[in-house]
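Thanks for making the time this morning. I would like to walk you through one model, moving from a few aromatic side chains out to the sheet and then to some single residues.

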Amino acid sequence: MEGYSKYAALADTIKIEDITSDKQNQSILQRLKDNDERLNSVHITNSNPNPSYIDYYYIPEEEGEDIGWLGYFIGNNTKLQTLHLCGNWASHSHIRSLFIGLNRNKTIQNISFELVNLSDALMFPMLDNFFKNNHNLTAFKVSGLLLSAEGARQLSLTMGSCSRSLKRIILEDLNDDDIEDVPLVDTITALSIHPQLEELDFGGTRIGRNGFIALANTLRNWSTPMLQKLRLRESDFDDEGLKHLVNALAHVNTLQELYMPLNFYITIQGWKKVATLLEIPGSNLEELLIFSSNNIGDEGALVFANALSNNNMLTTLDLQNCNITPEGWAPFSKLLCDTSSVNDTYMSNHTLYYVGDDLYEDDFNDISGIKHHLALNEGGHYQGWTREIIAMKKIVHAHSHFDMQPFFEWEFKVLPIMISWFTKAAACTITAEYDEKVNKMKLSAVYDFIKEFPLLYVEPMTRKEIAEYSALEEELLQGDQSGSDQQVKLEEIRSCKARAMRRLV
């Protein structure tokens with residue numbers, strides 16, 4: 001705490017201009033000192049900043065103490081929400097003072113480390129108190145680090161010591177093709193104590209088969225998982241590792257997004273396993289992004305189309321650049337709008353609205369209307385249409401006649417229901433042509449009703465009416481009453497019975 005005590009003793013008297021001559025850095029330090037609530041993000045970098053975010057960048061002097069003062073003011077600040085460190089800081093003479101100040105901050109919600117040299121694994125141990133004591137920390141990102149074995153070990157310890165307030169962890173691009181892979185099994189295993197995580201991102205980090213088995217075990221250890229997003233771009237795994245992961249994900253019913261493109265070692269058998277996630281009752285998966293995975297092809301497209309036959313949750317299945325031909329896309333036509341019957345159209349998939357941009361290439365002929373039906377589903381998603389409205393639009397588009405025969409068992413109840421359906425369909429008018437088609441279908445259905453209904457309903461009801469008149473006639477003939485009143489009633493009943501019998505001729 002010696003460095004911190006020194007800054008604390010001078011804080012009230014020192015001028016910001018005496019700490020650094022850089023105008024941008026002066027502004028950042030003053031605003032941190034003043035607890036300016038408008039300054040909620042600071043990016044510390046030793047490289048040229050992005051001009052779009054220049055107001056938030058702090059570039060410390062190479063040898064000066066301004067980085068120590070930065071740490072002191074961050075430690076006392078209660079408004080800062082995001083801190084981003086980019087570059088190699090291990091050799092800076094006052095880097096420890098930055099971390100001493102940072103350890104005192106308990107309000108930062110998001111912290112990230114990008115392209116930081118962790119070969120000597122010094123950074124995370126120096127920030128141990130920050131990760132343990134900051135119960136407002138919700139997001140932790142490590143990106144573009146070339147981890148040594150010791151660096152991976154320290155990262156594992158940090159994961160284990162982090163506050164249980166974490167919701168999002170990103171371990172992105174932690175190795176590359178030029179160095180030997182660093183095993184991350186221990187780091188992944190350390191995540192077992194964070195069942196509250198909502199997002200886990202391994203984008204561009206090769207974790208391999210063993211890493212996937214460790215991840216599967218971690219997910220199984222979460223008794224009440226809250227995971228909503230899992231991202232595994234270029235994670236270098238195969239069918240065996242994928243099998244363990246899918247089996248574990250089958251029990252994570254909170255998962256909404258699974259992002260795993262550019263994984264070239266997965267065969268069609270592995271993709272069949274992934275497709276089973278879409279068949280699980282109660283699945284909440286809304287986005288499955290597996291684009292640029294060249295082992296899917298037409299066979300895989302059919303597998304995913306079949307898996308979605310009873311799925312009403314998935315909106316996005318990104319199969320772009322997966323070697324799927326126009327013939328391979330054909331099963332999605334029946335999935336989205338089965339024209340076998342009006343009922344089959346109604347029971348089609350009205351949720352899926354994106355399968356990749358391959359359908360929009362110039363050489364794709366949309367003969368089966370896949371793009372049209374995807375657009376209807378997308379319109380329903382963004383405009384809040386009910387499933388019934390989307391189904392109406394597809395029925396009107398795909399059929400010219402509404403067969404009333406299956407509904408006649410409901411007797412007269414079907415007529416107001418039919419009229420109500422066509423009224424709603426007319427309210428969903430897209431074009432004049434659509435409106436005209438709705439009216440024609442309505443007239444055709446009413447005609448069917450008028451023409452066919454007597455044969456199925458009037459005759460049975462008339463025979464029932466005749467039987468009732470016969471029973472009344474028999475009752476009068478066997479009764480004790482006599483005279484003119486009885487004769488009048490008997491003639492009236494016989495007259496009604498005769499009229500009913502004439503309807504059957």
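**Rings, sheet and selected residues**

Let me start with the aromatic side chains, where ring pairs link F113, F124, F130, F131 and F140 into a cluster; rings of Phe, Tyr and Trp, the last taken by its six-membered ring, pair if their centres lie within 6.5 Å, and planes under 30 degrees apart count as stacked, over 60 as edge-to-face and the rest as tilted. Before going further I should say that this is a predicted model, in which local features need pLDDT of at least 70 and side-chain atom pairs count only at pLDDT 80 or more, while totals for chains, interfaces and linings use all residues. Residues are numbered from 1 along each chain as its sequence is written, and side-chain values use heavy atoms, with hydrogens and water left out.

The structure holds 15 aromatic pairs. In one of them, the ring centres of Y259 and F291 are 5.9 Å apart and the planes stand at 70°, so the pair is edge-to-face. That pair links distant parts of the chain, since Y259 is in strand β9 and F291 in the loop between β10 and α13, 32 residues apart.

Now the overall layout. The protein chain has 21 helices and 11 strands, where helices (H or I, at least four residues) and strands (E, at least two) are DSSP runs numbered from the N terminus. Of its 505 residues, 47% are buried, and here buried means under 20% relative accessible area, exposed over 50%, and partly exposed in between, with a 1.4 Å probe and protein chains only. Among the contacts in the chain with a separation of 6 or more, 78% are between residues 24 or more positions apart, a contact being heavy atoms within 4.5 Å.

How are the strands ordered in the sheet? The 11 strands form an open sheet in the order β2-β1-β3-β4-β5-β6-β7-β8-β9-β10-β11, and the pairing is parallel; two strands are taken to pair if DSSP finds at least two bridges between them. At the edges stand β2 (57–58) and β11 (316–318), each with a single partner strand, so one side of each is left without a neighbour in the sheet.

Looking at one stretch of that sheet, β3 (residues 82–86) pairs with β4 (residues 110–114) in the parallel sense over 5 bridges, and β4 is in turn joined by 5 bridges to β5 (residues 139–143), again running parallel. Residue E114 of β4 can be followed across both pairings, because C86 stands opposite E114 on one side and S143 is the bridge partner of E114 in β5. F113, which belongs to the ring cluster, stands opposite V142 in β5.

As for C86 itself, this cysteine counts as buried at 12% relative accessibility, and C337 does so at 4%. A search of the whole structure finds 0 disulfides, taking a disulfide as a pair of cysteine sulfur atoms within 2.5 Å.

Two helices deserve a closer look. In α4 (residues 66–76), 10 of the 11 residues are buried, so this helix is largely enclosed by the rest of the structure; W69, Y72 and F73 are among those buried residues. In α12 (residues 268–275), the buried residues are I268, G270, W271, V274 and A275. Seen down the axis of α12, they fall within an arc of 155°, so they line one face of the helix, the arc being that of the directions from the helix axis to the C-beta atoms. The cover over them includes α11 (239–249), β10 (287–289) and α13 (297–307).

Finally, three single residues. E257, in strand β9 (residues 257–259), is buried at a relative accessible area of 8%, and a polar contact of 2.8 Å joins the side chains of E257 and R231; a polar contact is a pair of N or O atoms within 3.5 Å, where within protein one must be able to donate a hydrogen and the other to accept it, and residues adjacent in sequence count only if both atoms are side-chain atoms. T351 lies in the loop between α16 (342–346) and α17 (370–383) and is buried at 17%, whereas H397, in helix α18 (residues 387–398), is partly exposed at 42%. Not counting residues up to four places away in sequence, H397 touches H372, H373 and K437.
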